Amino acid sequence: VVTWNVGTAMPPNDVTSLLHLNTGERNDADMIAIGLQEVNSKINKRLKDALFTDQWSELFMDVLSPFHFILVSTVRMQGVILLVFAKYYHLPFLQDIQTDCTRTGLGGYWGNKGGVSIRLSIFGHMVCFLNCHLPAHLEKAEQRKEDFATILHMQQFEGRAASGILDHDLVFWFGDLNFRIESLDIRFVKYAIDSNILSQLWEKDQLNIAKSTWPVLSGFQEGPLNFPPTFKFDVGTNKYDSSAKKRKPAWTDRILWKIKSPSAGLGTGGRQPSRSVLSVSQLCYCSHMEYTLSDHKPVAAIFAVQFASKADKPPVEIYVADEWSRPEQAIVRYKMAAGFHRSSWDWIGLYRVGFRHPKDYVSYVWARSDEGERCLEKQLCAQVIFSEEALPKGKGEYILGYYSNTSSSIAGVTEPFQV
């Protein structure tokens with residue numbers, strides 16, 4: 001999970017260190033959530049490209065696609081953007097994807113402050129990512145609490161599984177939460193940072209104070225702040241604010257998580273079936289001082305989330321030959337799971353390995369229901385054929401993905417094969 005207030009800056013050339021790529025297989029991530037705040041949101045720039053309206057999203061897709069990450073979903077509210085990526089082979093197990101956004105700036109009329117969320121079912125567990133930009137300034141702590149409560153109250157998702165944010169099995173809450181350091185003067189704060197005695201500042205951090213006093217924050221966890229405050233820097237440097245305002249350094253940029261508490265009414269033993277137990281351990285929580293384009297430093301956290309998979313078979317299984325060396329080999333058979341909701345707008349896309357998002361196909365065919373379908377183990381089996389015109393001209397590695405219109409997600413993928 002990454003959060004970064006980019007201060008309307010243009011993206012840098014390289015974000016591999018921020019995304020902890022090339023760190024070796026052991027720490028290789030399966031999913032990446034990126035929350036940005038203050039992305040340049042000039043109106044004319046937004047209309048230029050209907051699909052992705054900003055250079056930041058393009059940059060992250062370009063950097064992540066060679067590592068087999070696909071953009072699962074994105075949501076934008078003016079300068080607040082949230083992107084969720086996953087390895088392509090996980091896509092069929094990421095279902096029920098929905099987004100929401102809540103404006104809190106100027107009493108709800110302006111989207112410069114507020115929260116955007118992406119929620120989805122991951123191997124049968126409901127997970128919500130919430131990126132917020134809360135009000136600035138030391139004295140606005142109460143307003144931050146109220147705005148967070150408003151966002152939690154306003155965001156509602158369809159379906160019975162988890163209609164509110166806190167109904168999800170796991171919530172990641174992050175962003176420029178704008179909490180400041182109370183009562184200590186700037187000289188002491190800078191002395192504590194220079195002397196690396198950050199623990200002296202922790203008990204005066206407004207979010208740490210709030211976690212024990214605000215019911216709305218009950219159950220939210222955060223790793224230790226073992227990195228220096230991430231705001232406010234002179235742009236282009238690692239020096240804290242030297243302007244006339246001399247803003248006091250603060251940990252404005254944070255990443256927290258909350259596991260849904262076991263539901264009441266489990267009987268006197270209180271034992272839950274082990275199948276639904278979910279545990280989260282934080283492997284890393286750090287800031288990235290190497291980025292100087294904004295007055296904030298980006299913050300990243302790596303989590304290991306462990307749970308029993310409630311979904312071991314994809315909604316759609318696709319069968320294809322190991323290679324298509326002649327046009328007549330381009331036959332695709334697929335089988336849908338019993339409870340799968342198909343739509344006449346579903347399609348099967350042919351993707352070059354390293355594709356960026358579900359619409360980034362080379363060609364596609366409609367997954368129409370043909371008369372020739374036959375039942376196989378009570379499951380619908382069907383086949384489609386890619387015409388010669390639809391096949392790519394050059395050689396390469398490709399995969400097929402079944403796009404479900406109902407769930408706005410890829411419900412089945414193949415292993416890479418040669419064309």
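This text walks through a few places in the structure, from a covered helix to an enclosed cavity. The model is a predicted one.

Start with helix α2, which spans residues 55-64. This helix is mostly covered, with 7 of its 10 residues buried. The buried residues are W56, S57, L59, F60, M61, V63 and L64. What do they pack against? Their partners are four strands: β1 (2-5), β2 (31-37), β3 (69-77) and β4 (80-87). The N-terminal end of α2 has a cap, and D54 provides it. A side-chain oxygen of D54 lies 3.1 Å from the backbone nitrogen of W56. W56 is also one of the buried residues of the helix.

Next comes the loop between β1 and β2, where H20 is found. H20 is not a glycine, yet its phi is positive, at about 55 degrees. Its side chain makes a polar contact of 3.1 Å with the side chain of H288. Where does H288 sit? It is in the loop between β10 (278-287) and β11 (299-307). The polar contact therefore links a residue of one loop to a residue of another. Is H288 buried or exposed? Its relative accessibility is 6%, so H288 counts as buried. Beyond its neighbours within four places in sequence, H288 is in contact with S17, L18, H20, K297, P298 and A300. H20 thus appears both in this contact list and in the polar contact.

H137 also has a positive phi without being a glycine. Here phi is near 85 degrees. H137 is found in the loop between β7 (125-133) and α3 (141-154). Its relative accessibility is 36%, so H137 counts as partly exposed.

Another backbone feature lies at F231 and K232. A cis peptide bond joins these two residues, with omega at about 5 degrees. K232 has its place in the loop between α6 (206-213) and β9 (253-259).

Now turn to helix α5, residues 199-202, which holds L201. L201 has a relative accessible area of 0%, so it is buried. Which residues does L201 touch, leaving aside its neighbours within four places in sequence? The contacts are I181, L184, F188, V189, A192, I193 and W251. Take F188 as one of them. It is 13 residues from L201 along the chain, and the two C-alpha atoms are separated by 9.2 Å.

The last stop is inside the protein. How many cavities of 30 Å³ or more are there? The count comes to 2. The second largest has a volume of about 50 Å³. Its lining is made up of V72, L91, L94, I97, P358, S408, S409 and I410. Two elements give two or more residues each to this lining: β5 (94-105) and β19 (409-413). By character, the lining residues divide into 6 nonpolar and 2 polar, with no charged residue. Both domains take part in the lining of this cavity. Domain 1 (2-306) and domain 2 (316-418) each supply at least three residues.

Methods. Residues are numbered from 1 along each chain as its sequence is written. This is a predicted model: local features need pLDDT of at least 70, side-chain atom pairs count only at pLDDT 80 or more; totals for chains, interfaces and linings use all residues. Side-chain values use heavy atoms; hydrogens and water are left out. On a 1 Å grid over the protein atoms alone, a cavity is a set of points where a 1.4 Å probe fits but cannot get out, and a pocket is an open set with protein on both sides within 12 Å along at least five of seven lines; lining residues have an atom within 4 Å of a point. Grid points are joined across faces, edges and corners, and a volume is the space filled by probe spheres set on the points. Ala, Val, Leu, Ile, Met, Phe, Trp, Tyr, Cys and Pro count as nonpolar, Asp, Glu, Lys and Arg as charged, and the others, Gly among them, as polar. Domain bounds come from an automatic or database domain assignment. Buried means under 20% relative accessible area, exposed over 50%, partly exposed in between (1.4 Å probe, protein chains only). A polar contact is a pair of N or O atoms within 3.5 Å; within protein, one must be able to donate a hydrogen and the other to accept it, and residues adjacent in sequence count only if both atoms are side-chain atoms. Contact means heavy atoms within 4.5 Å.
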